[in-house]
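Thanks for coming. I will go through one structure, beginning with a term and then a single residue.

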Amino acid sequence: MRVEPSGEGRYATRPESFPTNRGGLCRKGWTAGELLSSPERLTTPLLRRRNGAAPQPVDWEEALDYIAERLTAIQHSHGADAAAVFGAGGLTNEKSYLLGKFARLALGTSQIDYNGRFCMASAAGAGIRAFGVDRGLPFPVTDLGEAEVVVLAGANPAETMPPLMGHLTAARLIVIDPRRSATAEQALQRGGMHLAPRPGTDLALALALWHAARVEGLLDADYIAQRTTGFEQAWRHAAAWWPERAERLTGVPAADIRAAARLLARANGAYVLTGRGCEQHAKGTDTVSAWINLALALGLPGRRGSGYGCITGQGNGQGGREHGQKADQLPGYRRIDNPEARAHVAGVWGVDPDILPGPGRSAFELLDALGSEDGPRAMLVFGSNPAVSAPDAERIRARLASLDLLVVADFVMSETAAMADVVLPVTQWAEESGTMTNLEGRVLRRRQAVPVPEGIRSDLEILNALAQRLGWDDKDFPTDPDEVLTELGAASVGGPADYSGITAQRLDDGEALHWPCLEDGTVTPRLFLDGFAHPDGRARFVPVGYREADELTDADYPLTATTGRLLSHYQSGAQTRRIAELADSDPDVYVEVHPDTAQRHGLADGDWARVISRRGVTSARVRHSPTARLDTVFLPFHYGGDQSANLLTNPALDPASRMPEFKVSAVRLEPNAPVEEGKQK
Ligand SMILES: Nc1nc2c(c(=O)[nH]1)N[C@H]1C(S)=C(S)[C@@H](COP(=O)(O)OP(=O)(O)OC[C@H]3O[C@@H](n4cnc5c(=O)[nH]c(N)nc54)[C@H](O)[C@@H]3O)O[C@H]1N2
Ligand SMILES: Nc1nc2c(c(=O)[nH]1)N[C@H]1C(S)=C(S)[C@@H](COP(=O)(O)OP(=O)(O)OC[C@H]3O[C@@H](n4cnc5c(=O)[nH]c(N)nc54)[C@H](O)[C@@H]3O)O[C@H]1N2
Ligand SMILES: [Mo]
């Protein structure tokens, strides 16, 4: 993507030729330039010295001094872990890395995690269990172009990653989604299939597909014998899920399960891809394991022209989970509880390994502990808007409000920034350089395209300035992204995500650098062709059995609500609700309901309804959808205030990944008197 001035200090974006997006941009790409010069842009630090007072514009020195003094005082009284950091998968690799270093060194706290915990943590965990390493797609995305069949389990790329659809035009798609999503619609139009399970039942559906494929003699016995371990133990779970039994649970007809198994297993080149729809569950890791087991049973991973992958989310969803902003992680995708990893990284940082803290709390657990007896009392947020995007949002809003110090770095007044004691205005993507790692593990360099507006600083400059005030050296926290990249490379040497051979120069030269990218220059576009990353080179079948969602429907809450995304909005909507063209196309949250279900509740198309769960109430407009399941409603989560879908959601966590169950909550619908209409900010 290129950014060009379009007159009067405004900017426009234009697509550029690139293999991943094939020169295409989605609607948000086309409008992304608008926010660079938006009047809603924050231009000066804001400070609120007393609760309830209005935030006042202050200069940078005053804002940074205040933060450093408060952090020091709070940590002095309550210990190092009284300060927390919350990061994001939208941050560049350099920011993620420096944020992790800032937390562990400058603050000495274990309390750092990030929004990727809400995003890809389950698929990452399942990938590591099965293959020994987690890289979204262990193959270049262009490989998908040769596939005959692609399963999209809980992914709606037609709305969430339109450029990806360009790689899937030749394939027949099998879309697994409780809704007839735009992607499901395209699958049907092109001779593919749409299976619409009840939310939260994918695990059983995947086991039933495996069952059907085995009964029909379609498994790859040679591959299973030579390249995997654990088949029999894992199969015991699938053995119990014959298609008729799965039909009763999931609602997907047994005949469709068999037909899908045949279509997939007989394809000459097939991929199984998962998205948030099957991952954001209290059993998301096991569900992804079930999809991977199916792919392994059919002999797909680790071969040219077939495979398993997880479709990444945010701009740097992949790189953001590799360089140490996770509670349990050090750079290079190393574990923070591994003594060798600690020694290596401490060496690069020039400190004693013993001063590095241990693992901290996961994102939801961290947010939920804020202001509690033994929880953090101060938090710095970079690149996330948890007041809207965290589950059980009302509870999290109360936690944020109970902090002694909340600092938010952002370029707009997000709902979380509006609660902060200090807001720091930062540069946007086009005003700074840095690297991002895309879904195929390829590192890309974004070059600064436009000047930094006056009065604004970069995230790296903020970390540097705070670290210096906390007693660290200027050079310990570089502000030049290229310098940070070099340091990150050194810190990642020998780790699973090794970036040591990546340089700004090679990236500028347009080399396709897929990690691991070693010091000798080796790159790895395709992992696993010669073997998986476990010591014996084999992939693992992981035995996983079906279990229900954490929360079930009952007489009071008879419907299942699931949540997800719209083409026109991004995430918590903090950015896209401020772009007129996008806000106007979907100004209010809606709840998608089957017309019969809506009628039973006395709700006409376009009415305002109250969607009520055991945790809260969301006001939403009713949208009739004749293709919806009768027992399921859907809400996008892009809206703030009382239109937040997350007022409803259940923070039950996956035991392994600590990912919340965004995709299943039990709700009921009630008619609502019209509330204030029009767009919310
Ligand atoms: N337009 C747009 N694009 C985006 C984003 C955005 O906010 N807006 N966000 C980016 C990010 S961070 C991410 S993580 C990706 C996410 O990309 P996706 O994973 O494609 O997004 P979702 O809409 O969350 O979920 C996909 C589908 O899962 C379905 N689903 C719900 N419950 C279930 C279930 O139990 N089982 C199954 N099989 N499916 C279910 C939903 O109906 C939905 O259509 O998108 C990225 N791209
Ligand atoms: N119900 C429900 N809830 C969900 C999901 C769901 O499917 N359903 N999906 C979850 C997922 S997958 C995700 S990824 C999360 C995302 O949700 P959030 O983590 O809230 O992500 P954003 O809305 O993108 O918020 C990013 C904020 O940081 C700012 N920002 C952007 N770039 C930068 C930067 O470089 N530096 C700084 N300092 N600020 C920046 C933006 O202006 C914005 O205010 O939501 C999760 N919540
Ligand atoms: Mo995400």
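A salt bridge here is a side-chain nitrogen of Lys or Arg within 4 Å of a carboxyl oxygen of Asp or Glu. This is a predicted model: local features need pLDDT of at least 70, side-chain atom pairs count only at pLDDT 80 or more, and totals for chains, interfaces and linings use all residues. Residues are numbered from 1 along each chain as its sequence is written, and side-chain values use heavy atoms, with hydrogens and water left out.

Now R334. It is buried (under 20% relative accessible area, 1.4 Å probe, protein chains only), yet R334 has no salt bridge. The nearest side chain of opposite charge (Lys and Arg count as positive, Asp and Glu as negative; His and the chain ends are not counted) is that of D498, 6.9 Å away. What does the side chain of R334 reach at 2.4 Å? The backbone oxygen of V493. Contacts of R334 (heavy atoms within 4.5 Å), leaving aside neighbours within four places in sequence, include D328, H344, V493 and P496. R334 sits in strand β14, residues 334-335 (strands are DSSP runs of E, at least two residues; helices are runs of H or I, at least four).

Next, the cores. A nonpolar core is a set of buried Ala, Val, Leu, Ile, Met, Phe, Trp, Tyr and Cys residues joined through side-chain atoms within 4.5 Å. The largest has 134 residues, and F102, I174, W210 and W291 touch the most other members. Helix α8, residues 202-215, gives the most to this core, 10 residues. A second, separate core has 24 residues, among them A363 and L653.

Notes
Chains are lettered from A and ligands numbered from 1 in the order in which they are written. Buried means under 20% relative accessible area, exposed over 50%, partly exposed in between (1.4 Å probe, protein chains only). A polar contact is a pair of N or O atoms within 3.5 Å; within protein, one must be able to donate a hydrogen and the other to accept it, and residues adjacent in sequence count only if both atoms are side-chain atoms.
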